[in-house]
Amino acid sequence: MKIKQVILRHLKMDLLYPFVTSFGAEYDKDFILVEIMNEDGLVGWAENVAMPTPYYNEETVKTNWHMLEDFLIPTLLNSEIHHPDELAEKFAHIRGNYMAKACLNMAVWDLYAREQNASLASVLGGTKKTIDVGVSIGIKDSIEATLDVIEQRRAEGYKRFKLKIKPGWDVELIDKVRKVFPEIPLMADANSAYTLEDMNLLKALDDYNLMMIEQPLAYNDIIDHAELQANLKTPICLDESIHSLEDTKKALKLGSCKIINVKVGRVGGLTEAKKIHDYCLERNVPLWCGGMLEAGVGRAHNIAMTAMPGFTLPGDTAGSSLYWAEDIIEPEVTVENGTITVPTTPGMGYEVSMDKVKKYTLYSKTYR
């Protein structure tokens, strides 16, 4: 294929409810939507997951737009591509900027699947007809409010519950949740809020039969996590520390974690996510797909990725209606009894609603 046109759109969508983590509250979703077109007029879509602020990682919406406009899109336009995996080599001279690279990689994968008249899940090697999904619950105003949300989501059938924690909102929260819901699959996500000085506090969480503790220590660490994991019964899952297959290999070799959270945007796209998947599948390392509060296009890519057999734990790809008054895809992502049906139609399996995209677009630019 040849990419003849790329359109970047800066969208802003209000969240139904604030989403609070250890590094702050999010009230809306500010993101870049990517549309690419081949010489035959066929289109592929992707969503950039960088945030407006450099709190999750160093990339932001503005820096990603700069990288896309000035470096990545000029490299991609009018170049011959036989397979999406080739983008990694084309972009290899540009260091880091995983989220910027990821959205182009994902858009090319979507276009490639459409050219093959196949679903994105199938061309990635997905074998599942449905995927199990969990839900991520942000920091609420009270423990009682958290319990209410868990009860509601449990009634809706979600199969795993992730609670955001931070110093002062951790052991007491988990203790009360476990007393009310002793059997639910439960995990805690710290978003790098702790240090090794909090070892005893984190060890206290061993008493609550958690599936995992996600990224308790520094966002770029795999050394201290190895020491912590050696002192915990609860598996550690790494998120922010994993950007590539190489990071995955090193973390597992050091014993820094027992579970990997794969976020397609964080690891540079579906090509690298597939490499991580294949490596972990061979070694029986559990995987799950994390979320970045994606709108519908990003959720569609996550669903396709989770259809691969190595994703054995429920991910964060909850239904559109938990986050948006309306999504930008048709149909919206829906969850039934804790599962999502994997689309079988060409590409990502959902259609982009141009009327809704226009409604939420702040700015757009076309590159040829």
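**Entry 1. Salt bridges**

I take a salt bridge to be a side-chain nitrogen of Lys or Arg within 4 Å of a carboxyl oxygen of Asp or Glu. I note at the outset that the model is predicted. Side chains of opposite charge can pair when their charged atoms come close. With that rule in hand, I looked up the pair Glu156 and Arg153. Their closest N and O atoms are 3.1 Å apart, and the two residues form a salt bridge. I then checked the accessibility of each partner. Glu156 is partly exposed, at 31% relative accessibility, whereas Arg153 counts as buried at 11%.

I next asked how many salt bridges the rule yields. The count comes to 21.

I looked up Lys365 and Glu69, whose side chains meet in a salt bridge at 2.8 Å, N to O. Lys365 belongs to strand 15 (residues 361-367) and Glu69 to helix 1 (residues 61-76), so this pair ties together parts that are 296 residues apart in sequence. Lys365 has 32% relative accessibility and counts as partly exposed. Glu69 is also partly exposed, with a relative accessible area of 23%.

**Entry 2. Arg160 and its network**

I turned to Arg160, which forms a salt bridge with Asp316; the closest N and O atoms are 2.5 Å apart. Arg160 sits in the loop between helix 5 (143-155) and strand 6 (161-164), and Asp316 in the loop between helix 11 (296-306) and strand 12, so the pair ties together parts that are 156 residues apart in sequence. I recorded both Arg160 and Asp316 as buried.

Which residues are linked with Arg160 in a network of salt bridges? I found Lys162, Lys164, Asp189, Glu214 and Asp316 in that network with Arg160.

**Entry 3. A patch of negative charge**

I searched the surface for gathered charges. Glu39, Asp40, Glu80 and Glu115 form a patch of negative charge there. I followed up one member, Asp40, and placed Asp40 in the loop between strand 2 (24-38) and strand 3 (43-47). Asp40 counts as exposed because its relative accessibility is 69%, and the cut-off for exposed is over 50%.

**Entry 4. Cysteines**

A disulfide is a covalent bond between the sulfur atoms of two cysteines. I searched for such pairs, and the count comes to 0 disulfides. Why does Cys103 have no such bond? The closest cysteine sulfur to that of Cys103 is in Cys289, 16 Å away, which is too far for a bond; the cut-off is within 2.5 Å. Cys103 is buried, with a relative accessible area of 0%.

I checked Cys289 as well. Cys289 is in no disulfide, and the nearest cysteine sulfur to its own belongs to Cys237, 11 Å away. Cys289 counts as buried, at 0% relative accessibility.

**Entry 5. Backbone exceptions**

Most residues other than glycine have a negative phi, and most peptide bonds are trans. I looked for departures from this pattern.

I found a cis peptide bond from Glu330 to Pro331, with omega near -10 degrees. Pro331 lies in the loop between strand 12 (329-330) and strand 13 (339-341).

I then recorded Asn97, which is not a glycine but has a positive phi of about 50 degrees. Asn97 is placed in the loop between helix 2 (86-90) and helix 3 (98-115). Is Asn97 buried or exposed? At 18% relative accessibility, Asn97 counts as buried, because the cut-off for buried is under 20%.

Asn117 also drew my attention: its phi is positive, near 55 degrees, and the residue is not glycine. I located Asn117 in the loop between helix 3 and helix 4 (120-124). Asn117 counts as exposed, with 60% relative accessibility.

**Entry 6. Separations in sequence and in space**

I compared sequence and space for two pairs, C-alpha to C-alpha. Phe19 and Gly44 are 25 residues apart in sequence and 29 Å apart in space. Phe19 belongs to strand 1 (residues 3-21) and counts as buried, at 11% relative accessibility.

For the second pair, I noted that Pro216 and Leu228 are 12 residues apart in sequence and 9.2 Å apart in space. Pro216 is in the loop between strand 8 (213-214) and helix 8 (223-230). Pro216 has 1% relative accessibility, and I entered this residue as buried.

How values were computed:
Residues numbered from 1 in each chain as written. Predicted model: local features only at pLDDT ≥ 70, side-chain atom pairs only at ≥ 80, totals over all residues. Heavy atoms only, no water. Helix = DSSP H or I, 4+ residues; strand = E, 2+ residues; numbered from the N terminus. Buried < 20%, exposed > 50% of the residue type's maximum accessible area, 1.4 Å probe, protein only. Patch = residues over 30% accessible without salt bridge, like charges linked within 9 Å, V, L, I, M, F, W, Y side chains within 5 Å. Areas by Shrake-Rupley, 256 points an atom, 1.4 Å probe, with all protein chains shown as cover. Lys, Arg positive; Asp, Glu negative; His and termini not counted. Charge placed at Lys NZ, Arg CZ, Asp CG, Glu CD.
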